[in-house]
Number of protein chains: 4
Amino acid sequence: MSGNTFGTLFAVTNFGESHGPAIGCVIDGCPPGMELSAADIQPDLDRRRPGTSRHVTQRQEADQVEILSGVYEGRTTGTPICLLIRNTDQRSKDYAEIAATFRPGHADYTYLQKYGLRDPRGGGRSSARLTAPMVAAGAVARKWLRMQYGTQFRGCMQQIGDVAIAFEDWDHVHRNPFFAPVADVSPLEAYMDGLRKSGDSCGARVRVTATGMPVGLGEPLFDKLDADIAYAMMGINAVKGVEIGAGFASVTQRGTTHGDSLTPRGFRTNNAGGVLGGISTGQDLEVSIAIKPTSSILSPRETIDVRGEPATVVTKGRHDPCVGIRATPIAEAMLALVVMEHALRQRAQNADVRPPLAPIPGAC
Amino acid sequence: MSGNTFGTLFAVTNFGESHGPAIGCVIDGCPPGMELSAADIQPDLDRRRPGTSRHVTQRQEADQVEILSGVYEGRTTGTPICLLIRNTDQRSKDYAEIAATFRPGHADYTYLQKYGLRDPRGGGRSSARLTAPMVAAGAVARKWLRMQYGTQFRGCMQQIGDVAIAFEDWDHVHRNPFFAPVADVSPLEAYMDGLRKSGDSCGARVRVTATGMPVGLGEPLFDKLDADIAYAMMGINAVKGVEIGAGFASVTQRGTTHGDSLTPRGFRTNNAGGVLGGISTGQDLEVSIAIKPTSSILSPRETIDVRGEPATVVTKGRHDPCVGIRATPIAEAMLALVVMEHALRQRAQNADVRPPLAPIPGAC
Amino acid sequence: MSGNTFGTLFAVTNFGESHGPAIGCVIDGCPPGMELSAADIQPDLDRRRPGTSRHVTQRQEADQVEILSGVYEGRTTGTPICLLIRNTDQRSKDYAEIAATFRPGHADYTYLQKYGLRDPRGGGRSSARLTAPMVAAGAVARKWLRMQYGTQFRGCMQQIGDVAIAFEDWDHVHRNPFFAPVADVSPLEAYMDGLRKSGDSCGARVRVTATGMPVGLGEPLFDKLDADIAYAMMGINAVKGVEIGAGFASVTQRGTTHGDSLTPRGFRTNNAGGVLGGISTGQDLEVSIAIKPTSSILSPRETIDVRGEPATVVTKGRHDPCVGIRATPIAEAMLALVVMEHALRQRAQNADVRPPLAPIPGAC
Amino acid sequence: MSGNTFGTLFAVTNFGESHGPAIGCVIDGCPPGMELSAADIQPDLDRRRPGTSRHVTQRQEADQVEILSGVYEGRTTGTPICLLIRNTDQRSKDYAEIAATFRPGHADYTYLQKYGLRDPRGGGRSSARLTAPMVAAGAVARKWLRMQYGTQFRGCMQQIGDVAIAFEDWDHVHRNPFFAPVADVSPLEAYMDGLRKSGDSCGARVRVTATGMPVGLGEPLFDKLDADIAYAMMGINAVKGVEIGAGFASVTQRGTTHGDSLTPRGFRTNNAGGVLGGISTGQDLEVSIAIKPTSSILSPRETIDVRGEPATVVTKGRHDPCVGIRATPIAEAMLALVVMEHALRQRAQNADVRPPLAPIPGAC
């Protein structure tokens, strides 16, 4: 109810602040009997980790995950899995001078209004650092879905600021610091270097997909699969827009074009993005998100202080010039958590029903 | 859990099918003591009602709402409010021939895969007719929010198919059948008439806003106000994209531009769309949604039947050539339901905290 | 959250007031494909119905149930099932004079303090009449559990006021108006006739059981099967105590006696009442509840009025001299709803695990 | 949904196993601005702690609580509070030999059937050790309720095995290891010494109360205050019965006696136990629970092993000969958590309603 638990059957309760002693989560509802160790989780955390290139924040965090419960002799027991990540590199003094002013584009003003007090160190609870436990929980969901259904989650960069990125191949994504599906990232490097020197930041557009989707996931009226995806994506720090399938392009489409034809060998197209009536079709999930420019920038900004007086603020700290870059593994994890939740729901409600026909192939 | 209840503290449980005896909802959590009668609800239902112009479906439904519980001597009692709408104009024979085939772009295939059986009459539970009870529930939320905070919800058309609509004035919206904020809708009429004759359909883009917003609504990590808005909007039938504030335009913005400056007299801009860190700033909520073209069209489509054999389907029935048109009052209602939920949550969690500063004016 | 929905995966949302136009419920989460008609529900409603003997309230209600949604061509579709029962015999004038005073033992005082207003007609929302929709929903759960697992629910009277009732045979229960498992109910008739003439009321003790229980239902820490049973039973109007298995008798038992021995042919005893560690053992569920004397009595009572002044109140109306009598079918229904919820939860969480051993027979 | 979170607005998610590295909980929904440190929590943990007298288990655990999040500069921030307790004295070898057999009265059999595997060390997740985080969370709720309303929670022993304990004075409770409200506990000491020597265990009956209760807490139909209390109490390990107010004694009461008369100076009696129609009256909450004899006993017991073959089991380990003794602080904490949840709910739903009359004094 206070918005720190994601999901219901696969419920992830997140805790911690950017500069507190630790961050983490409790996963409640992981099915029992699955082999699980920190080694299953660490690779995804490493992909999200700060300090890995000059294009992201220089904060150094090992982000080592510790499993405190829910695993016995290497297998999940069906009881809550507590994942703990100790914070190590907290330079809280960086934030001392901004405790009394509100940074434009940040949650400083709204947190103080809501709670009457706030933890200003690194943004406290509003920091994107709190996505790390979700990436960890997502890794658990991904393993289960991969073993159970062969479902896989991937993400890539579509645009950084003014630089659009045409899709070449998934294999490129992990070979550059931008999660870009292209062989040559020199234009992106040049763009980012210029941006950093100017003391400014930029937005980004990221695509995430799921392949090997089971048919029938999603509830029909409100907990539609696409509604829950939109909720998950818009909940990621700095996201301002979400599209499923054709997205905003569907505004100018015609019905004769948009509706994906069915054939005995599968759907011909995937304007739906893998969801019809809120329920998965078995096609790939196709999601695209818009991420706003980083609000923490070196350029001075007009603002007010906590007494309501005019002020100027410059954010020193260590920040990502484009928060969208590290959003890719986060968005993958959140998509996996949504699918996991619905996979468990589908079992609860419909396990005794035999579908009257084999699903057609999902490929378009 | 089965996705038929929206909200938790202001929980709306929806029931019914397009061609069953009745549709309706139960509102649980409406604060006691508010004057309420059907006359508070009917005007919003009338704005969503089918059969009101040649540009929407010709199905004739009075959509008369009946209050079955929760109101005593004209006031809410704090107990569940059951709202019932009888279906009257069900031409189920229109749908008889399509029971055995899957209409492209429809939920026919996914419902059958999920449940093993489906009610094909008018789309059954997947019909947009089920938004009527939400419009009714939204009217209750709107009245309470208006009386408590002065919050108001409005929507208008931004684009129909290829025709973009520049905003002129809110007063125009209720004077034409397109919810268009313009004086002259003749281009829209011509466009829609042409579309209808061609047997095709088109998409739309709709804007919804809230003014007079309280500060501090929204939970910080997952039940962010904007995340819940995205969930609510993407859950409306046919919606494929959601934007808050600058939305996808923020991809190409710089941090120096996007972050809204604060002054003692309010924010200078509203790229945030009224939400920072998931919490309302007091500025207007600004939301934009993409609605796909109606899937029920007169043009023949390639598909398969329930045995998996190739087939051709033509949807006769009576349909909206642009479902986006009637989405405007629906989106307003859903936005009101999200704000209502968070208004009650904020009371629960923070009622004893006095904010240390008066909110700055929300206007930009 | 406002306490009008029971269950999560099999969620029953109850609405209505004693003297409003209708009462009913919406069942969300009923698995699809089950044959269902009003004829499956009406017999249970008839067992709870008022006006069937001189020992219960003389209010005449047909309690005819109408299925408004969720069933198509005689089968459940997996969508919400709305069950409606119209109120017919509302003599609201009976209650006019007590609107300004608080009846001892009733919810009059607490409702007014909580909500600031109340519907005094027949107790409004606090009336035991609102158990009728739960009996109806329970009938749906009972059918599914019977078909899926062979689970059966039965209840009987153990004590009425000072008259203890030794168990003879389940077959007697439906042959007398007291749900007493004995052949000769003349002592009960004499006792109740005397009580009614004295203008007083009495308490009762009721036993409910489930046979054919699946093993493994219940969650380990909080949503224990026995905890949820206690919640369900204590939520029935007038219930003041709940026991599982040995109950309060376990206080004076020794560990060597209480712990039920296991043998290859089953448990030797059932002090546990069918639950160990919050999880069903496969033995019969054994539950016992205490029901307080009816608070609506003809004898004058000392009280205060809404201004806080001393007053005397006599409840005329038509009331059960022992509300415990009609509690039997209600308790059966609530037990069924708890088991149904946990049956669906068990599917969600553990459907892929094969238990390493066959359950031993449940019989003791 | 998997039963490891207690509450919704004040939600406590519990994690850990008896012999894992740590146990703990995450509190989500604690109002911001309250002073909080480990010193507020430790005293309650110390009252529940093992190893404090010869009458309880000899396991030595410091039960030192660490606050990992949610507190900044000594005040709660409204964000999740993670409380961690490291396990230190795990003699897992004590349990090695019982991994293959099911102890009568324990959850061994049901856990294995439910999950397909189990952590046998100290009962794993089914251990009463997992009540420690609830006592810690309860301490947070108790502080808030005490500061906000002056509500206080107390518990005492009413009966240990065959020895009934007449109430003398609350002041005695903390002066003996039995939580007995009497000056002379020598009969209890003699009884417990004899029991321990015999290798057997016994049950107990514990009373818990709340004084200074606000009026109007509790939801009317299902989340009744007494229903939630029953749920909380029956969820404590080994509890088999729950009573509110007159409890099972109400079976033989008459309506003229049971219903508590109201006077301008308060209620005359408290048969209701502080709850009418599921809503608090402002009188003291009065709750009584039955706790079964410890199942872990030194006497040999008949059972089966995991292959279903007959076996004999003797539980060595270190156990409480009467688990009821340490149940007292646990039951107090659980009662506080229920009241806290409803205090927050009441704010959400009814904060704008002014009751039409001042509550009458709660004293009887």
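1. Let's start with two neighbouring strands in chain D of this predicted model. Strand S2 of chain D and strand S3 (residues 22–28) of chain D are joined by six bridges and run antiparallel. If you want one pair to find on screen, look for D:Asn14, whose bridge partner in S3(D) is D:Cys25. Between S2(D) and S3(D) the chain makes a hairpin through five residues.

2. S2(D) has a partner in strand S1 (residues 5–6) of chain D too: two bridges join them, and the strands run antiparallel. Here D:Phe6 has D:Val12 of S2(D) as its bridge partner. The hairpin of S1(D) and S2(D) has four residues between the strands, and in this hairpin D:Gly7 takes a positive phi near 90 degrees.

3. Is S2(D) enclosed or open to the outside? Six of the six residues of this strand (residues 11–16) are buried, so S2(D) is largely enclosed by the rest of the structure. A handy rule helps you read the next detail: in a regular strand, side chains alternate between the two faces of the sheet. On one side of S2(D) you will find D:Ala11, D:Thr13 and D:Phe15, and on the other D:Val12, D:Asn14 and D:Gly16; all are buried, which leaves both faces covered.

4. Now step back to see how chains C and D are arranged. A turn of 180 degrees, with a shift of 0.0 Å along the axis, lays chain C on chain D with an RMSD of 0.0 Å. The two copies are therefore related as by a two-fold rotation axis. To locate that axis from the side of chain C, go to C:Tyr231, whose C-alpha is the nearest to it in that chain, at 2.3 Å. Both copies use the same surface, since 100% of the contact residues of chain C recur in chain D.

5. What does each chain bring to this contact? Chain C gives 100 residues and chain D gives 101 residues. On the chain C side, helix H2 (residues 108–115) supplies the largest share, with seven residues. Sorted by class, the chain C side has 41 nonpolar, 39 polar and 20 charged residues.

6. A sheet also crosses from one chain to the other. This open sheet has 10 strands with antiparallel pairing, in the order S9(C)-S8(C)-S10(C)-S16(C)-S11(C)-S11(D)-S16(D)-S10(D)-S8(D)-S9(D). At the edges stand strand S9 (163–164) of chain C and strand S9 (163–164) of chain D; each has a single partner strand, so one side of each is left without a neighbour in the sheet.

7. Where do the two chains join within that sheet? Three bridges link strand S11 (residues 239–244) of chain C to strand S11 (residues 239–244) of chain D, and these strands run antiparallel. C:Gly241 stands opposite D:Glu243, while C:Glu243 has D:Gly241 as its bridge partner.

8. Finally, have a look at chains A and B. Chain B is superposed on chain A by a rotation of 180 degrees with 0.0 Å of shift along its axis, giving an RMSD of 0.0 Å. In chain B, the C-alpha nearest the axis belongs to B:Tyr231, 2.3 Å from it. Because 100% of the interface residues of chain B are also interface residues in chain A, the copies meet through the same surface.

Definitions and conventions. Residues are numbered from 1 along each chain as its sequence is written. Chains are lettered from A and ligands numbered from 1 in the order in which they are written. This is a predicted model: local features need pLDDT of at least 70, side-chain atom pairs count only at pLDDT 80 or more; totals for chains, interfaces and linings use all residues. Copies are superposed by least squares on the C-alpha atoms of residues with pLDDT of at least 70 in both. Two residues are in contact if their C-beta atoms, placed from the backbone, lie within 7 Å. Two strands pair if DSSP finds at least two bridges between them. Ala, Val, Leu, Ile, Met, Phe, Trp, Tyr, Cys and Pro count as nonpolar, Asp, Glu, Lys and Arg as charged, and the others, Gly among them, as polar. A residue is buried if 20 or more other C-beta atoms lie within 10 Å of its own, exposed if 12 or fewer, and partly exposed in between; C-beta atoms are placed from the backbone.
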